[in-house]
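Subject: Structure for your files

Dear colleague,

Here is the structure you will be working from. My notes on it follow below the entry.

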Amino acid sequence: MPAARRFFGAKPHTPASVVEEAFEAAQGVDGILAVGGGSAIDTGKAVSARTGLPVVSVPTTYSGAEWTPSFGILDEERRVKSGGGGANLAGIVYDPELTLGLPPDECGGTALNALAHCAEALYVEGRNAEADEHALAGAKLISSSLPLVLADGDYLEARRALLEGAMHGGAALAGAGLGLAHAMAQALGGRYGLSHGAMNAICLPPALRFNELVASPEIERFGEAMATHDPVGRAEELARLSGFTLLRHAGVPEDELGEVAAEAAERRGAKANPRPAGATEIAELYRSVW
C-alpha cells in the first residue's frame with residue numbers, strides 16, 4: 001500500500017508554482033484527498049488532472065469548487081489566472097462542523113461566490129432544467145442562512161443550511177457554467193491577488209443589472225428564490241453584511257480598470273453571458289462599483 005503523504009502549501013488563487021510542488025508531493029500515492037477552500041481543492045484537482053489520480057474533496061468553505069473537473073491556476077509573473085480541466089472527481093464529503101470557526105469575511109465571500117453560481121446558471125449559454133433546480137434551491141438556502149451565520153458563527157444548523165446551499169450552487173455551476181460576474185471577479189483576483197469571493201460579492205450586482213435587459217424572467221426567478229422582488233438589492237445587501245462594498249475599498253486602482261476590463265472580456269464567463277459584454281461595457285460596470 002502506498003504511504004500517505006501530506007501537502008500543506010496551498011495558496012490563494014492556486015499559483016502554478018504551488019501546483020508543481022503538490023505534484024511532486026503526490027508521487028507514489030494512489031489518490032488525493034483535498035481538504036480546505038476553493039484554492040486547496042483546485043490544487044488537488046490540478047494534480048489529479050496531471051496524474052489521473054482520483055480526488056475526493058472535503059470543502060471547509062462555501063466555494064462549490066468541489067463540483068467541477070475544471071480549476072483555476074495563477075500565473076504569478078503575468079498576474080493572470082487561467083484555467084485547466086480534466087480532474088478525476090471521485091467524491092465529496094460535506095461536514096458543517098468543519099466550517100465552524102470560518103471568519104465572517106470568508107463565510108460571506110465564499111457564500112456569495114456560490115450565490116453567483118446560482119444566479120449565472122439561470123441565464124448563461126449552458127443553462128438547463130436540472131441546473132436551474134439546483135440554482136433556485138441554492139439561492140433560497142444561501143439568502144436565508146448567510147445572515148444567520150454572520151450573526152452567530154456557532155449556529156451549526158445555519159451553517160449546515162449554508163453548506164447545502166453552496167452544494168446546490170456548485171452543482172448549478174457544474175451543470176451550466178459561469179457568466180459575466182465571474183469573469184469580472186477572476187480578472188480582478190488574478191491581477192491584484194484579491195479574494196475570489198469578495199470580488200464576486202462586488203461584481204454580481206452590476207452584472208445582474210447589465211443582464212436584466214435580456215434575462216429579466218430568469219433574474220426574477222432568482223429573486224423569487226430569495227423571497228424578494230429586488231434580487232439585485234438583495235445581492236448588494238448580502239455583500240454589505242459580509243463587509244464587501246466597493247472596489248476602491250479593496251485597493252483596486254481606478255486608472256487600471258480599463259486594462260482589467262479588457263482581460264475580463266476575453267474570459268469564458270463573459271463569452272457565455274446572455275448579453276454581449278466587451279471591454280468598454282465591463283469597464284463601465286467596474287466603475288459603477290469602484
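Two strands are taken as paired if DSSP finds at least two bridges between them. That matters for the hairpin described first. Please keep in mind throughout that this is a predicted model.

The hairpin

Strand β3 (residues 71-75) and strand β4 (residues 80-84) run antiparallel and are joined by five bridges. At one place in this pairing Phe-71 has Gly-84 of β4 as its bridge partner; at another, Asp-75 stands opposite Val-80. Four residues lie between the strands of the hairpin, and Arg-79 takes a positive phi near 55 degrees. Is β3 enclosed by the rest of the structure or not? It is largely enclosed, because four of the five residues of β3 are buried.

The protein as a whole

The protein has eleven helices and five strands. For 290 residues, a compact globule would have a radius of gyration near 19 Å, and the protein has 18 Å, which agrees. Along the principal axes, the C-alpha atoms fill a box of roughly 55 × 40 × 35 Å. Of the 290 residues, 53% count as buried.

Contacts across the sequence are well represented: among those with a separation of 6 or more, 73% are between residues 24 or more positions apart. The accessible surface comes to about 12,500 Å², and carbon and sulfur atoms account for 52% of that surface. On charge, there are 37 negative and 23 positive side chains, with the centres of the two sets 2 Å apart.

Helix α8

Which residues of helix α8 (residues 231-241) are buried? They are Pro-231, Val-232, Gly-233, Arg-234, Ala-235, Leu-238 and Ala-239. Note that a charged residue type, Arg-234, is on that list. The buried residues of α8 pack against three other helices, namely α3 (104-121), α4 (129-151) and α7 (196-225). Just after α8 comes Gly-243, with a positive phi of about 95 degrees.

Two single positions

Gly-175 belongs to helix α5 (residues 156-176). Its relative accessibility is 38%, so Gly-175 counts as partly exposed. What does Gly-175 touch, leaving aside its neighbours within four places in sequence? The contacts of Gly-175 are then Gly-126, Asn-128 and Ala-131. Ala-187 is twelve residues away from Gly-175 along the chain, and the C-alpha atoms of the two are separated by 23 Å.

Glu-20 is in helix α1 (residues 16-25). With a relative accessible area of 33%, Glu-20 is partly exposed as well. Glu-20 and Glu-164 are 144 residues apart along the chain, and 32 Å separates their C-alpha atoms.

Regards

Key: Residues numbered from 1 in each chain as written. Predicted model: local features only at pLDDT ≥ 70, side-chain atom pairs only at ≥ 80, totals over all residues. Heavy atoms only, no water. Helix = DSSP H or I, 4+ residues; strand = E, 2+ residues; numbered from the N terminus. Rg over C-alpha atoms; globule rule 2.2 N^0.38 Å. Buried < 20%, exposed > 50% of the residue type's maximum accessible area, 1.4 Å probe, protein only. Contact = heavy atoms within 4.5 Å. Areas by Shrake-Rupley, 256 points an atom, 1.4 Å probe, with all protein chains shown as cover. Lys, Arg positive; Asp, Glu negative; His and termini not counted. Charge placed at Lys NZ, Arg CZ, Asp CG, Glu CD.
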